[in-house]
Amino acid sequence: DMFIAVMGVTGAGKSSFISLCSGQQVEIGHDLQACTSAVAVYKCQYSNSRTIYLIDTPGFDDTNRSDTEVLREIASWLIESYTDKVYLNGIIYLHRISDIRMHGSAKKNLLMFKKLCGPKALKNVILATTMWDRVTPEEGARREAQLKNTPEFWGWMLNNGSRICRHTPNRDAAMTLLEQFVQGESRVTLALQSQMVDEHMTLDQTGAGKELEFEIQKERAKFAQELREVQESMQEAVRARDKESERAMRELQDDYSRRMEELEHDRSQLKISMEKLHEERYAKLERMLKQQQE
């Protein structure tokens with residue numbers, strides 16, 4: 001048996017790719033609502049003697065959950081499988097070639113992906129571009145070259161052994177992509193797995209956790225600045241006895257304060273050990289079983 005993780009932003013084609021390989025219906029989003037809210041595993045019968053399990057993962061741009069929740073979900077699956085001696089054989093990272101530029105959420109996803117993997121795992125990564133039917137060959141080739149030649153995009157990963165391929169949405173192309181892992185048949189340990197299981201780090205101490213904490217602090221600082229500006233505007237409205245502006249400013253102040261509290265909560269949720277993640281996962285499974293029985 002082989003295990004391959006499928007990652008990338010919402011809308012990059014993860015669910016479509018897994019549906020092609022497994023023949024199973026995977027919920028596919030037609031807007032920016034994230035379908036994959038939890039890690040799910042799909043069986044692909046590659047040949048009579050070979051079964052490949054594809055791990056569908058949520059992206060760090062989930063419309064329904066915070067990045068901290070997404071990281072905890074992915075970390076929980078990765079450390080449990082690693083503890084049970086179920087090793088990944090590779091990772092497919094999907095990216096839309098139709099994206100005009102590497103926008104904010106795509107950059108964040110890629111950065112988190114690099115931190116999850118660590119440099120040693122990159123030789124088992126295939127960077128697959130999708131949505132070639134939405135660009136001209138020239139435009140697609142230009143964007144592909146930019147991805148390859150920019151170190152903070154894919155350049156550093158390619159220098160560390162990652163491979164790149166163009167994916168067209170049909171089963172033969174999907175099987176050809178999987179064949180690259182079957183031929184190599186190597187196993188890979190992600191940085192997050194060795195950090196949490198072998199080195200006994202808490203999630204906030206891992207490379208991915210530190211990166212996310214940095215992002216949270218950056219966002220919190222932005223809201224703090226906006227809150228200060230709103231408070232100044234509110235004081236002006238009070239002095240001018242402008243009740244309507246004062247009420248609007250007060251609502252904004254409450255909104256920024258709430259967002260800052262949420263970010264602080266997200267930050268505190270990163271301080272979790274492997275054992276605690278195990279406990280939470282089993283408690284969640286027990287709740288699900290109980291609901292099904294009821």
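These are my notes on Met2 and the sheet around it, taken from a predicted model.

**Entry 1, Met2.** I started with the position of Met2 and found it in strand β1, which covers residues 2–8. Next I asked whether Met2 is buried or exposed. Its relative accessible area is 0%, and the cut-off for buried is under 20%, so Met2 counts as buried.

**Entry 2, contacts of Met2.** I looked up what Met2 touches, leaving aside neighbours within four places in sequence. The list holds Arg50, Thr51, Ile52, Tyr53, Asn89, Phe181, Val182 and Glu185. I also checked Ser194, which is 192 residues away from Met2 along the chain. The C-alpha atoms of Met2 and Ser194 are separated by 20 Å.

**Entry 3, pairing of β1.** I turned to strand β3, residues 51–56, and found that β1 pairs with β3 in the parallel sense, over five bridges. Phe3 has Tyr53 of β3 opposite.

**Entry 4, the sheet.** I then traced the strand order, which reads β2-β3-β1-β4-β5-β6 in an open sheet of six strands with mixed pairing. Which strands stand at the edges? They are β2 (40–45) and β6 (163–166); each has a single partner strand, so one side of each has no neighbour in the sheet. With direction ignored, I noted an average turn of 25 degrees between neighbouring strands of this sheet.

**Entry 5, helix α6.** Last, I looked at helix α6, residues 171–184. Helix α6 lies across β1, β2, β3, β4 (90–96), β5 (125–130) and β6. I logged its angle to β4 as about 140 degrees.

How values were computed
Residues numbered from 1 in each chain as written. Predicted model: local features only at pLDDT ≥ 70, side-chain atom pairs only at ≥ 80, totals over all residues. Heavy atoms only, no water. Helix = DSSP H or I, 4+ residues; strand = E, 2+ residues; numbered from the N terminus. Buried < 20%, exposed > 50% of the residue type's maximum accessible area, 1.4 Å probe, protein only. Contact = heavy atoms within 4.5 Å. Pairing = 2+ DSSP bridges. Axes fitted to C-alpha atoms, helices over the stretch in contact; angles between N-to-C directions.
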